[in-house]
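Reader: I would like a close look at the interior of this protein chain, taken slowly and with the supporting details named as you go. Please begin with what you mean by a contact, and then lead me through the buried parts one after another.

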Amino acid sequence: MHTTVPPGNRAAAQPADRWGIRRAVRLAFPGPSSLAQDQAHTARLDVYLTDLLQPHGLALNPGALAPRGQSYGEMAEALIELAVPAGEGVDLLVMAYAIPDITPGRATTTYLSHVCPGKPMAFAVSDEGTAAGFTGLRLIREYARSGDYRRALLVVVEQAWLAYDPGVPVAVPSAHSGVALLFGDDDGDEDGAGIGDVHVRAGTAERSPCAQIEDLGEARTVILGAVLKAEADALVARADVVLASPGRPFTGVWWELAGVLEADSAEHGGHRIVLADADPELGLLCTAAVDVRRSRGAFTPQASSPLLCLDDYRRAAQERVAPEVWDYIDGGADTERTVTANRQAFTRVELRPRALVDTEICDTRTQILGSSVGTPLAVAPTAYHRLVHPDGEVATAQGAGAADALYAVSIFASRTLEDIASSASGPLWLQLYWLREREALAGLIDRAAAAGYRALVLTVDIPRMGRRLRDMRNGFAVGPECAAVNLDAALMAAAHVRGSGSSALAVHTARAIDPSVTWADLAWLRERSELPIVLKGILTAEDARLAVSHGADAIIVSNHGGRQLDGAVPSLAALPEVVAAVAGACPVLFDGGVRSGGDAFAALALGAQAVFLGRPVLWGLAVDGAAGVAGLLDLATGELAHTMALAGRPTLDVIDRDAVRFEGAAR
């Protein structure tokens, strides 16, 4: 593999630490282009390109740019239009393609140099397989190090009509694909997902692909091309593995890169993406590590960019929260497979709308264990709200009350039960873990009853804390400015002691929470309080029937947001099984992965009587305190009402199983 580098003294070149990915675009082009079949257009283009190429001693193969489908030029023009802001240009343009036909490549690049504002220096990278994209990436990185370039654009395209490798059993797609990555020097005028060093390696395919991937360091995401998909099982325990979409062999990773970069830069802090592919015919193995840094503001909604969905709150919240606190809120157990599965379950729900139904008024009012509320969306118990806002749970209670929503307060709240209650205008429940010190548990129960809390929520899925790797890597501990103030300081002391490679909260959980509790112990809780008892963390029909037989007043179907048992069944998939087992004996409530009112509609249709929001409420709190919580809950309730109207279900009682089609049930 050959790479052109800038002329001059390489020793003087400095790493482009402020060089970043400004934008990532991926497009699919359906079928032949109308322009490609326009003979007059093709003739004009041929003449134009011939005039451009002759001074350089290059010849154009007639019709090469529009042989049987959409031309490289047309595809790249569309990608450039989306990737390069209007009125701006680039200094360096690299077009990479995996077809060894250099004459059309040079012609197309010259054409793009004319089309792209700024008349950049342009290169065509022609290489077998994925090597083209990797070479283009390294070429841009080397020029970035020279310090003379501010913006570069990498365009990777392919034409689907060309012959595919008969030895690879994939269907020839009817469409074309393209990726454009806009790189730029971070001059302070714009924000984006930063990119650190890009390490590109080429080796022999005889070497273990996993070994070379590991050589590039720990990765959060690994994107594997078609040939290396067999390596996924060996990597999945250490990173999120993305399998490239079917396409021309050895080029698929580039069609996944743009989407992964965009999603990861919006959702995660600094981490590494590794791309890997191989060409067995050439004996070539290629890997590249792209270090993505947390977006510094590109996704933060401003006054001109309103908060239109829960993900807008998420992006804004991440900018306001310390990275290790964000990891604590956002993370899950082990590989975070269940965190992802909770969200993916909703993608398997299809709505069955009814027509000609009077939906002028859609009523979201309901009752939850006797409490009248304006929405079936409730605030799930989450700990330490002062980590994201100085008013903590007091602001959360105010926001929930303003939205006329139920709020389940965590045993590890960072404001007193009494202060929270005095600030609340809506119903409150108290969530409990079964403490080894039963007297401390009894004291909380008495205080909750005296302060007007209306139910006790016993979380039953935490005999020990899940292995939350983000917290362990961060050595996460609760800072001195925030504490679980409703429990004795000595009982909570371990939560504040930072350790290398361990989570202080896991250490505290092991010391404070009793893992020996069984169904028989519920009798003590029932005798200790007259408040309704809600069991949170039920995922199976067997446990649902036991909950009913032991007198549970309600059940919350939940896998703890993917923070406990990695690989546990998604909450939504477990919901129908639990509803069937309970058979109306008590209310079934839901928690897990809800990110919109449409998601809430799906859970209600599958049998839930209320739907809890956990992480999203913390996003609202981080963005704007009580007003942020109220705004987020109002937004989600509005989305629910909107879905109800379009689905022809104007009241909650008519949102039934017939409203959805769902094939993802656990059993």
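Author: Two residues are in contact when heavy atoms of theirs lie within 4.5 Å. With that cut-off, and looking at contacts in the chain between residues at least 6 apart in sequence, 74% join residues at least 24 apart. What you have in front of you is a predicted model, and the chain in it is made up of 667 residues, of which 56% are buried. The chain contains 21 helices and 22 strands, and it exposes about 27,200 Å², with carbon and sulfur atoms supplying 51% of that area.

The interior is best entered through the largest nonpolar core, which has 110 residues, and in which Tyr-384, Leu-572 and Phe-590 have the most contacts. Helix 21 gives this core its largest share, 14 residues. Apart from this core lies another one, of 32 residues, which includes Leu-137, Val-156, Leu-257 and Ile-273.

Helix 21 itself deserves a careful look, for although it runs over residues 615-647, its end C-alpha atoms are only 27 Å apart, whereas a straight helix of 33 residues would span 48 Å at 1.5 Å a residue. Along its course the helix bends by about 140° at Asp-624. Just after helix 21 comes Gly-648, which takes a positive phi of about 70°.

Of the core residues named above, Tyr-384 can be followed through several features. Tyr-384 sits in the loop between strand 14 and helix 11, and because its relative accessibility is 3%, it counts as buried. Most residues other than glycine have a negative phi. Tyr-384, however, has a positive phi of about 55° although it is not a glycine. Another residue with such a backbone angle is His-560, which is not a glycine either and has a positive phi of about 65°. His-560 lies in the loop between strand 19 (554-557) and helix 19, and with a relative accessible area of 11% it is buried.

The ring of Tyr-384 also leads to the aromatic pairs, of which the structure holds six. In one of them, the rings of Tyr-384 and Phe-412 have centres 6.3 Å apart and planes at 10°, and so the pair is stacked. Since Tyr-384 belongs to the loop between strand 14 (377-379) and helix 11 (392-402), while Phe-412 belongs to the loop between strand 15 (407-409) and helix 12 (417-423), the pair ties together parts that are 28 residues apart in sequence. Both Tyr-384 and Phe-412 are buried, and ring pairs join these two with Tyr-433 into a cluster.

Phe-590, also among the core residues with the most contacts, can be described by its neighbours. Leaving aside residues up to four places away in sequence, Phe-590 touches a set that includes Phe-346, Ile-556, Val-557, Ser-571, Leu-572 and Leu-575, together with Ala-603, Ala-608, Ala-610, Val-611 and Phe-612. Leu-572, another of the three core residues with the most contacts, is thus one of the residues that Phe-590 touches.

Helix 19 offers a useful contrast between a residue within it and one beyond its end. Ala-573 has its place in helix 19, and it counts as buried because its relative accessibility is 3%. The C-alpha atoms of Ala-573 and Arg-348 are separated by 9.8 Å, although their positions lie 225 residues apart along the chain in the sense of sequence separation. Ala-583, on the other hand, is found in the loop between helix 19 (571-582) and strand 20 (588-591), and at 66% relative accessibility it counts as exposed, since the cut-off for that word is over 50%. From C-alpha to C-alpha, Ala-583 and Val-548 are 9.9 Å apart in space, with 35 residues of separation in sequence.

A last buried residue to examine is Val-274, which is found in strand 9 (residues 271-279). Val-274 counts as buried because its relative accessibility is 0%. Not counting residues up to four places away in sequence, Val-274 touches Ile-213, Leu-216, Ala-219, Thr-221, Val-222, Ile-223, Ala-288 and Ala-289. Val-274 and Glu-218 are 56 residues apart along the chain, and their C-alpha atoms are separated by 9.0 Å.

Methods
Residues numbered from 1 in each chain as written. Predicted model: local features only at pLDDT ≥ 70, side-chain atom pairs only at ≥ 80, totals over all residues. Heavy atoms only, no water. Helix = DSSP H or I, 4+ residues; strand = E, 2+ residues; numbered from the N terminus. Expected span 1.5 Å × (residues − 1). Bend = angle between axes of the 7 residues up to and from the residue. Buried < 20%, exposed > 50% of the residue type's maximum accessible area, 1.4 Å probe, protein only. Areas by Shrake-Rupley, 256 points an atom, 1.4 Å probe, with all protein chains shown as cover. Core = buried A, V, L, I, M, F, W, Y, C linked by side-chain atoms within 4.5 Å. Phe/Tyr/Trp six-rings, centres within 6.5 Å; stacked < 30°, edge-to-face > 60°.
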